[in-house]
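Colleague: Could you walk me through this model with a few questions and answers? I'd like to look at the coordinates while we talk.

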Amino acid sequence: MSGKVVTGERVTTPEGGFNPTWQRHVAAYRGAATLLDAAGVPADATVLDVGCGIGHSFTELAPRPTIGVDLDAGALAGQDRETHVADMRALPFADGSFDALVAIQSIEHVPDADRALAEFARVLRPGGTAVLVTPNRLTFARPDEIIDPYHYVEYDAQQLHAACAPFFGGGVEVVGLFGSDRYRALVDAEKAKLDRLLAKDPLRLRRLVPRRAKMVLYDRRLTAERRRDPDPRAAEITPQDFHVGREDVDAALDVVAICRRA
C-alpha cells in the first residue's frame with residue numbers, strides 16, 4: 001500500500017480496501033463546509049482543523065483557509081498550510097482567535113473530551129461555530145462496547161449534545177452523516193466479521209489486555225484483513241455515497257454537532 005502506515009488511529013490511505021473510510025472522511029469535511037455555510041461563517045474566515053491527521057481532506061473547506069493541529073508531527077509533515085503540533089486539550093492559540101473550528105473524527109481519541117471541548121470554545125470568537133464529527137456509538141462496531149482501542153469514548157446523538165452543551169451557550173444541534181445502501185452493505189459485512197471474531201471470546205477477556213497491546217493487535221488485524229481479501233465493492237465508494245441529514249439521527253453513521261459559542 002505504497003509504504004503508507006496503516007493504523008486504526010487515523011486515515012492514511014485509500015488503498016488496499018481502505019477507500020470507504022477515506023471517502024467517508026472526505027464526505028465529513030465536505031458536510032462540515034456546508035454546515036459552516038449554513039451557519040453564516042464568512043467565506044474568508046480561517047478554520048481551525050483540530051486532529052487533522054495527514055490533512056487529506058482540508059481542501060474541502062475551501063475557499064476558507066485552514067490551520068491544522070495534530071499531536072503527531074509526522075502526520076503534519078508536508079501539508080500545504082500552516083500547522084501546529086499540539087494536543088487538542090491545550091491549543092496554542094489566544095482566546096477568541098477563530099470564527100470557526102472543525103474536529104473530524106477527533107474527540108473520541110481523548111479520555112477527557114470535556115477539556116478539548118473547553119479549548120474549542122475558548123479559541124472561538126463570540127458567535128463562532130464549531131462542527132464536530134464523531135462515530136455514532138449506536139451504529140459503530142458494537143453499541144455496548146468500545147472495540148476500537150484508539151477510542152476512549154463514543155457518543156450517540158443525545159450524549160454528544162450533552163457533552164457539548166455546557167461549553168457552547170449559543171446552542172448545539174446534532175445531525176447525522178448517513179451512507180448509501182452500498183456503503184451500508186460494506187459496513188454490515190464488516191460487522192458480521194467482527195461478530196464472528198468476538199464470539200471466540202464470550203467472557204470478554206479482551207478487557208484485560210493493555211490498551212497499547214490492543215492497538216498493536218488491532219492494526220495488525222486491520223491490515224491483514226484488507227490486504228488478504230479486499231472487497232471489490234470498496235473501490236466503488238465515493239463522497240457521493242454520504243450525506244448530512246436530520247432524519248433519524250440514531251441511525252446515522254456519524255453524529256455531527258453544530259455548536260455556537262455565546
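Colleague: Happy to start with N136: is this residue buried or exposed?
Modeller: Keep in mind that this is a predicted model. N136 sits in the loop between β5 and α4. Buried means under 20% relative accessible area. The relative accessible area of N136 is 0%, so N136 is buried.

Colleague: Which residues does N136 touch, not counting those up to four places away in sequence?
Modeller: Some of them come before the others along the chain, so let me list them in that order. N136 touches Y155 and D156. The other partners are V249, D250, A251, A252, L253, D254 and V255.Colleague: Moving on to L177, what is its relative accessible area?
Modeller: L177 is found in strand β6, residues 172-179. Leaving aside neighbours within four places in sequence, its contacts include R24, A27, A28, F242, H243 and V244. Other contacts of L177 are A252, L253, D254 and V256. L177 is buried, with a relative accessible area of 2%.

Colleague: How far apart are the C-alpha atoms of L177 and E154?
Modeller: Along the chain, L177 and E154 are 23 residues apart. In space, their C-alpha atoms are separated by 15 Å.

Colleague: F242 was among the contacts of L177. Does F242 count as buried or exposed?
Modeller: The place of F242 is in strand β7. Among its contacts, leaving aside neighbours within four places in sequence, are P20, Q23, L177, F178, Y183 and I237. Its relative accessibility is 8%, so F242 counts as buried.

Colleague: How many aromatic pairs does a search of the whole structure find?
Modeller: One of them is formed by F93 and F98, an edge-to-face pair with 5.1 Å centre to centre and 85 degrees between the planes. Both F93 and F98 are buried. The search of the whole structure finds 3.

Colleague: What is the angle between the planes of Y183 and F242?
Modeller: Y183 and F242 form an aromatic pair, 4.7 Å centre to centre. Planes over 60 degrees apart count as edge-to-face. The pair of Y183 and F242 is edge-to-face, with an angle of 65 degrees.

Colleague: Why does the pair of Y183 and F242 tie together parts that are apart in sequence, and by how many residues?
Modeller: Y183 is buried, as is F242. Y183 lies in helix α5, residues 181-198, whereas F242 is in strand β7, residues 242-245. The pair therefore ties together parts whose separation in sequence is 59 residues.

Colleague: Which ring does the charged end of R81 sit over?
Modeller: There are two arginines to show you here. R211 lies over the face of Y152, at 4.0 Å from the ring centre. The charged end of R81 is 4.0 Å from the centre of its ring, and that ring belongs to F58.

Colleague: Now the second largest pocket: which residues lie nearest its centre?
Modeller: This pocket has a volume of about 520 Å³. Its lining is made up of 18 residues. Nearest the centre lie I147, P149, R206, K214 and Y218.

Colleague: Which element gives the largest share of the lining of the second largest pocket?
Modeller: The lining divides into 9 nonpolar, 1 polar and 8 charged residues. Helices α5 and α6 each supply at least two residues of it. The largest share, 5 residues, comes from α6.

Colleague: What do the buried residues of α3 pack against?
Modeller: Helix α3 covers residues 113-123. Its buried residues are A113, A116, L117, E119, F120, A121 and V123. They pack against β1, β4, β5 and α4.

Colleague: Turning to the backbone, which peptide bond is cis, with omega near 15 degrees?
Modeller: The proline to look for lies in the loop between β1 and β2. That proline is P63. The cis bond runs from A62 to P63.

Colleague: What is the phi of A141?
Modeller: A141 is found in the loop between β5 and α4. At 23% relative accessibility, A141 counts as partly exposed. A141 is not a glycine, although its phi is positive, at about 60 degrees.

Colleague: And R204, where does it lie?
Modeller: R204 also has a positive phi, about 55 degrees, although it is not a glycine. With 24% relative accessibility, R204 counts as partly exposed. R204 lies in the loop between α5 and α6.

How values were computed: This is a predicted model: local features need pLDDT of at least 70, side-chain atom pairs count only at pLDDT 80 or more; totals for chains, interfaces and linings use all residues. Side-chain values use heavy atoms; hydrogens and water are left out. Rings of Phe, Tyr and Trp (its six-membered ring) pair if their centres lie within 6.5 Å; planes under 30 degrees apart count as stacked, over 60 as edge-to-face and the rest as tilted. Buried means under 20% relative accessible area, exposed over 50%, partly exposed in between (1.4 Å probe, protein chains only). Helices (H or I, at least four residues) and strands (E, at least two) are DSSP runs, numbered from the N terminus. A charge sits over a ring if NZ of Lys or CZ of Arg is within 6 Å of the ring centre and within 35 degrees of the ring normal. On a 1 Å grid over the protein atoms alone, a cavity is a set of points where a 1.4 Å probe fits but cannot get out, and a pocket is an open set with protein on both sides within 12 Å along at least five of seven lines; lining residues have an atom within 4 Å of a point. Grid points are joined across faces, edges and corners, and a volume is the space filled by probe spheres set on the points. Ala, Val, Leu, Ile, Met, Phe, Trp, Tyr, Cys and Pro count as nonpolar, Asp, Glu, Lys and Arg as charged, and the others, Gly among them, as polar. Contact means heavy atoms within 4.5 Å.
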